[in-house]
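The following exercises concern the arrangement of strands and helices. Each task is followed by a worked solution.

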Amino acid sequence: MKNKKILIVHRFFWPDKSSCSSIMKNICSHLASNGYQVEIISSHPSYRQDSHKKKCPNIELLNGFKINRLYLPNESGKLFRRILNAFIIGISLIKKSLLYKPNLIIVTSIPPILGGFFGALSAKITKSKFIYFCMDIHPELGLLSKDYQNSYLYNLLLKLDNWNCNKSDKIIVHSKDMQDTLIHRGKLKNPNIEIINNFINPLQLNTITKLHNQKKNFHKKLKIIYAGNLGRFQYLDKIIDAMALINDHKNIELTFMGEGLMKNILKEKVKKTGANVKFINYLPQNDAQQIISQSDIGIVPLMSNLYKYAYPSKTISYLERGKPIIAIIERESELSIDMLNNEYGFQISQGDSRGLANLLIDLEKDTTWKDKMGNNAYLTYKKKFTPELILGKWNNLIKNLI
């Protein structure tokens, strides 16, 4: 392994505030600790408006691996900049590959499609192995978000991503739903797909008893938490509608924790409706987990059909804290099926604000669900989502590949 070189590309890397920046840091650290020579190409922090306050060197050694950071302009809401940044990253990848001569190139779907294209191209030029890490499935996700409404553009991007997939030695996705989406395209010659979900580093808790002693909340309120991106894929406005329907139930409280494009719009809606909703800014992982620990239940809302193209990693954050979830998602989704089979949460259909409001009232009145579902949530986390399990899958995959 000492001579095996791995080159990784991910647009947003620690200490940036994207949801996957710390996960990629932990993957790089793990691979380096196992004897691989690891380098990553990323950008200077730019995901959030205040990220530029964190100064980082262009080249940095961290936990046994090397970070190469590019200066890229903030691309929020700017399609041309997103494309330009993807090309800058891609050209940097080709140049680095020729100099570094890696045994393996790993490229995530951030930036989407073009990142995979340059990864496949670089692997072909240098005769390296190539892993295409699809954190999201594009361009289908872009069609859902209406970023790729032009049919010619969408079909071009779909052909390009099929090429990316066919040139990869392994495709990684987060769920069976995502795997099915790629297979149902019908264009993959040899769909060599592996399911490896995300993970979080848990707070130091030794036993399940200690966890539940910590998580018991001696308060009369029903505290609901949403921890994650305040974006356009989560139907967060519909959740506020549900909270507005139960304004007279003052003991039901919802907290939005995070940042995103919709934050100011959501704040304005809360102000107009008088819903019992408060906002907490983005927090580092340990602080965020403490806030989750003080809540009773987590909420996981997804736009219709989004489950086919992405997996809500916030689910793992809730389960690690032993928190049941309310999943606003299709019943046929893998998340919903697993949640209902293992009895750690409740499913609500998208747009059913009245159904969500009624559920919250029931949960406030009868709290017998808390201990059983909390226990089931934590057991599910231990069974499926611990860092040891996930990083072990990464290690076995790479070991077998190179």
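Two strands are paired if DSSP finds at least two bridges between them; helices (H or I, at least four residues) and strands (E, at least two) are DSSP runs, numbered from the N terminus. The model is predicted: local features need pLDDT of at least 70, side-chain atom pairs count only at pLDDT 80 or more, and totals for chains, interfaces and linings use all residues. Residues are numbered from 1 along each chain as its sequence is written, and side-chain values use heavy atoms, leaving out hydrogens and water.

**Exercise 1.** Determine the order of the eight strands in the open sheet.

Step 1. The order is β3-β4-β2-β1-β5-β6-β7-β8, with mixed pairing.
Step 2. At the edges stand β3 (59–62) and β8 (193–195), each of which pairs on one side only.
Step 3. Strands β1 (residues 5–9) and β5 (residues 104–108) run parallel and are joined by four bridges. In this pair, V9 stands opposite V107 of β5.

**Exercise 2.** Establish which residues of helix α15 are buried (under 20% relative accessible area, with exposed over 50% and partly exposed in between; 1.4 Å probe, protein chains only).

Step 1. The buried residues of α15 are P387, I390, L391, W394, N395, L397, I398 and L401.
Step 2. Seen down the axis of α15, these residues fall within an arc of 165° (taken from the directions from the helix axis to the C-beta atoms), so they line one face of the helix.
Step 3. The face turned away from the buried side of α15 carries the exposed residues E388, K399 and N400.
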